[in-house]
Amino acid sequence: METVLRYLCDNESRFVAELCEYLRFASVSAQPQHRKDLRACAEWLVKHCRHIGLEARLCPTAGHPIVMAKTPRTKSMRRPRFLVYGHYDVQPPEPFELWKSPPFEPRIAGRSLYARGSADNKGQHLAHLKAVEAYLKTGTELPCDLTFVIEGEEEVGSNSLASFLKRHRAELGCDVIVISDTGMPSLKHPALTYALRGIIAFEITLHGPSRDLHSGIFGGAVDNPAMALCQLLGQLRDPNGRVTLPGFYDDVVPLSAYERKELARLPLKDRDIKKLLGVPELFGERGYSAEERRSARPTFEINGLTSGYQGEGSKTIVPAWASAKITCRLVPNQKPERIRKLVCQHLSHICPPSVQLDIEAGHGAEAYLVSPESKPAQAALRALEAAFHCQPVLLREGGSIPIVTEMKRILGADSLLLGLALPDANAHSPNEMLNLDCFAKGQLMSAYLWRELSQT
Ligand code: BES
Ligand code: MN
């Protein structure tokens, strides 16, 4: 183990340079013009994995390719098998003008590495690859067999992953899945995440007149779809921040007193979150802390709102249509399909006859919840403590990683969520950033993890 740790330490600056190379690919899965960048990025990753000493290949899918890489297998006895999951695709970088440096030209300031994808997720899974490199390049025997699955469609719903998992089920069989694609509260609070929220997405459109109309000539005589949409959506939450959709909370399991006590011990308090996010005042479901609301309570959220004239100056029209992109974050025991039905039924029920409602349901995923007391979870906590020299905390996270439930269903394995992004990582926002101490300590954590996990 000493030589592995020393290798990681000695090669730190090269690893950062390699991460920068990886970050230069504009692998934006949501935007068709970046298809080639995704492909090039995946090819770079395959090459890099081979360079490290892994057996790697590019697996084509109906969408963006998946990279699969394995440690060389020894023919001898059966060893524990672990799968590391990550994603090389990134969120769209827009709005560009808010970036202090271009999103795909990595910039280092102090211990911060700025680039789209640095924290979510390239830096996080590269940390695991570097730990494995340290074993392979120092000739230190790994106590287990490792397989990396790095996909390119996570940020758009992982559409190709389930069929990939089914196709390669035997090959991907494993005892536990390891994912670093979440957060940690601070460098002094490394974290094991034991719950994620689920999600269900919608696109809601209200159609009015067959074309944009002169608002002077016809305004007042017909409904305005933009106004109608605001009124429709405005009815869906009350002043106390509760979602008013009938039945929305029916299946929600309340937080136990023990969990609430644990969550209250986390270092980020309401006032810190307020400052971090630059809001004049926090807002949300009354009776819960911001930490509880962002991780353990469900939401109904407008992600995008479009209608009418968006250019400079004014244009006096009644828009022909208005639409909203919506996602609900779901908590354990809420079923995406049931929420989909509730939303469709209720909106149809309250939609006025003066506009025509069209709802398209998008991707959905159930929330995830595992016991932090399992043997693998305990092993992970030991690895975190050894790497960060601090006692780890247990977290619920508000984001979603839809494939964790898929992997449980298809491969039968639970996921250990060991996130390396700090609260100011700006995931999905301008100036996304990875703390280089998290990157370095993440590598140490991964190096310890294989030993600790293999002993259980
Ligand atoms: N890494 C995030 C998920 C995440 C972030 C979980 C922080 C917990 C804490 C992931 O890449 C992501 O953003 N997922 C999407 C999934 C969606 C597109 C289905 C999300 O949560 O919005
Ligand atoms: Mn991610």
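How many nonpolar, polar and charged residues are in the lining of the second largest pocket? I began my notes with this point and recorded five nonpolar, seven polar and two charged residues. I note here that the model is a predicted one.

**Entry 1: the second largest pocket**

I looked up the volume of the second largest pocket and found about 290 Å³. Its lining consists of 14 residues, and I listed those closest to the centre: Gly364, Ala365, Pro402, Thr405 and Glu406. I then asked which elements give two or more residues to this lining. These are α5 (161–167), β14 (356–365) and α13 (403–411).

**Entry 2: the cavity**

I next searched for enclosed space and found one cavity of 30 Å³ or more. The space in the largest cavity amounts to about 40 Å³. Its lining is made up of Leu196, Arg197, Glu366, Ala367, Tyr368, Ser400, Ile401, Pro402, Val404 and Thr405. Sorted by class, I recorded six nonpolar, two polar and two charged residues for this lining. Pro402 and Thr405 drew my attention, as they line the largest cavity and are also among the residues closest to the centre of the second largest pocket.

**Entry 3: the nonpolar core**

Which residues of the largest nonpolar core touch the most other members? This core holds 76 residues, and I noted Tyr22, Leu416, Leu418, Phe439, Met445, Leu449 and Trp450 in answer. Helix α14 (residues 436–455) supplies the largest share of the core, with nine residues.

I followed Met445 further. Setting aside residues up to four places away in sequence, I found that Met445 touches His128, Ser180, Ala383, Leu384, Ala387, Phe388, Leu418 and Leu420. Leu418 is thus a contact of Met445 and is also listed with Met445 among the core residues that touch the most other members.

**Entry 4: Ser446**

I turned to Ser446, which also lies in helix α14. Is Ser446 buried or exposed? I recorded a relative accessible area of 0%, and because buried means under 20%, Ser446 counts as buried. Neighbours within four places in sequence aside, its contacts are Ala127, His128 and Ala131. His128 therefore appears in my contact lists for both Ser446 and Met445. I also checked the separation of Ser446 from Ala162: the two are 284 residues apart in sequence and 26 Å apart in space, C-alpha to C-alpha.

**Entry 5: Ser29**

I located Ser29 in the loop between α2 (12–23) and α3 (35–52). Ser29 is buried, its relative accessible area being 9%. With residues up to four places away in sequence left out, I listed Leu38, His64, Asp89, Val90, Gly152, Glu155 and Val156 as residues that Ser29 touches.

**Entry 6: two enclosed strands**

Why is strand β16 (residues 393–397) largely enclosed by the rest of the structure? I counted it so because four of its five residues are buried. Strand β8 (residues 191–196) runs parallel to β16, and five bridges join the two. Within this pairing I noted Arg396 of β16 as the bridge partner of Ala195.

Strand β13 (residues 321–330) has seven buried residues out of ten, so the rest of the structure largely encloses it. I found two antiparallel pairings for β13. In one, ten bridges join it to strand β9 (residues 198–207), where Phe202 has Ile326 of β13 as its bridge partner. In the other, β13 pairs with strand β11 (residues 299–307) over eight bridges, and the bridge partner of Glu301 is Thr327 in β13.

Definitions and conventions: Residues are numbered from 1 along each chain as its sequence is written. Chains are lettered from A and ligands numbered from 1 in the order in which they are written. This is a predicted model: local features need pLDDT of at least 70, side-chain atom pairs count only at pLDDT 80 or more; totals for chains, interfaces and linings use all residues. Side-chain values use heavy atoms; hydrogens and water are left out. On a 1 Å grid over the protein atoms alone, a cavity is a set of points where a 1.4 Å probe fits but cannot get out, and a pocket is an open set with protein on both sides within 12 Å along at least five of seven lines; lining residues have an atom within 4 Å of a point. Grid points are joined across faces, edges and corners, and a volume is the space filled by probe spheres set on the points. Ala, Val, Leu, Ile, Met, Phe, Trp, Tyr, Cys and Pro count as nonpolar, Asp, Glu, Lys and Arg as charged, and the others, Gly among them, as polar. A nonpolar core is a set of buried Ala, Val, Leu, Ile, Met, Phe, Trp, Tyr and Cys residues joined through side-chain atoms within 4.5 Å. Buried means under 20% relative accessible area, exposed over 50%, partly exposed in between (1.4 Å probe, protein chains only). Contact means heavy atoms within 4.5 Å. Two strands pair if DSSP finds at least two bridges between them.
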